[in-house]
Amino acid sequence: MFPRRPPATLAAWLAGARGGGLLAVLANQCRFVTGLRVRRAQQIAQLYGRLYSESSRCVLLGRLWRRLRGPPGHVSALMAALAGVFVWDEERIQEEELQRSINEMKRLEEMSNVFQSSGVENHPPEPKTPAEGNEKSKDKEPWEMVMDKKHFKLWRRPITGTHLYQYRVFGTYTDVTPRQFFNVQLDTEYRKKWDALVIKLEVIERDVVSGSEVLHWVTHFPYPMYSRDYVYVRRYSVDQENNVMVLVSRAVEHPSVPESPEFVRVRSYESQMVIRPHKSFDENGFDYLLTYSDNPQTVFPRYCVSWMVSSGMPDFLEKLHMATLKAKNMEIKVKDYISAKPLEMSSEAKATAPSSERKSEGSHGPARIEYA
């Protein structure tokens, strides 16, 4: 039974409906029903919050999301944002991504003659696998040598359809161990101490299946540009049998880290680092391969951005190297990511903290490109 309306109110409603106000009435009714359902969902969430642990709630939300999203490949970003759930099934770094990076390292090792002739070094050949060879030859430009030193070689190539470059570094260190170098690169707390450009670097969420982590990283850019922030997922793997370590990172969106007006969000970012010990993880000496690209969202010409990256990349790698030496010589405590499993080596994800103030202009320089 519907409540009886006073005659005057009913007459006004009918007049409004005849005058075209029926849509407005229906809209109000929809808002009312939607509000009821949202409040009901909040009550259910509070109930489950009292009954289940955080990890159990994540599993329940993940299962619910998989039922709502439909067929694979048709995930609704809007629904994910409304639900406030990060969909690991879509965003975690897969084994195939790690293996592709390792295969690139193997290819360069097998073709060591590439690093002995400057004429050939300018254009390292692409992979010759049947599935990738034809596609890469059509869609990607050849590599161009940018820097050629004894233990450091840097190439770049244009990213098709953009004004940006992808960069590749092949280098060698002989005075630190692979374990030390790898651990220093992964340790976010130590990074805040040796990298003056870091404003914020925190783990947001971890994947119980693969050990992937989502991080929020805020870094200074050269004056007068705004600081940039990155939200990215990373995963590492240590293969002691094949004597190789790999770290893969790429940009993602996470509902708990919305875009801030204080920073410019970098939405296109990829990094792959592969480390090959000369002997073992605990003896000095290793080769590394770093492949990197991002879109820093600047208005500067292509050559300016290329200069910043080309000069910033060697500078960052040297800072990373010096931080490793410092940790080694001063015996600074750094987490051992090789011995610990990805899900055991770290504590609970930290909540997002307010960003610190911008540092003085003198602390900004071309080395603003980092590879966490």
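Which residues does Thr172 touch, not counting residues up to four places away in sequence? In this predicted model, the list comprises His151, His278, Phe286, Asp287 and Tyr288. Thr172 itself belongs to strand E3, which spans residues 165-173. Its relative accessible area is 16%. Thr172 is therefore classed as buried, since the cut-off for that class is under 20%. One of the touching residues, Asp287, also makes a polar contact with Thr172. The contact joins the two side chains at 2.7 Å.

A second buried polar residue is found in helix H8. Asn183 lies in this helix, which covers residues 178-186. Asn183 has a relative accessible area of 5% and is buried. With neighbours within four places in sequence left aside, Asn183 is in contact with Val334, Lys335, Asp336, Tyr337 and Ile338. Asp336 is 153 residues from Asn183 in sequence. In space, the C-alpha atoms of Asn183 and Asp336 are 5.9 Å apart. Tyr337 adds a backbone interaction: its nitrogen lies 2.8 Å from a polar atom of the Asn183 side chain.

The surface was also examined for nonpolar patches. Phe32, Val33 and Leu36 form one such patch. Together, these residues have about 260 Å² of accessible area. Phe32 is located in helix H1, which runs over residues 7-51.

Terms used: Residues numbered from 1 in each chain as written. Predicted model: local features only at pLDDT ≥ 70, side-chain atom pairs only at ≥ 80, totals over all residues. Heavy atoms only, no water. Patch = residues over 30% accessible without salt bridge, like charges linked within 9 Å, V, L, I, M, F, W, Y side chains within 5 Å. Areas by Shrake-Rupley, 256 points an atom, 1.4 Å probe, with all protein chains shown as cover. Salt bridge = Lys/Arg side-chain N within 4 Å of Asp/Glu carboxyl O. Helix = DSSP H or I, 4+ residues; strand = E, 2+ residues; numbered from the N terminus. Buried < 20%, exposed > 50% of the residue type's maximum accessible area, 1.4 Å probe, protein only. Polar contact = N/O pair within 3.5 Å; in protein donor to acceptor, adjacent residues only side chain to side chain. Contact = heavy atoms within 4.5 Å.
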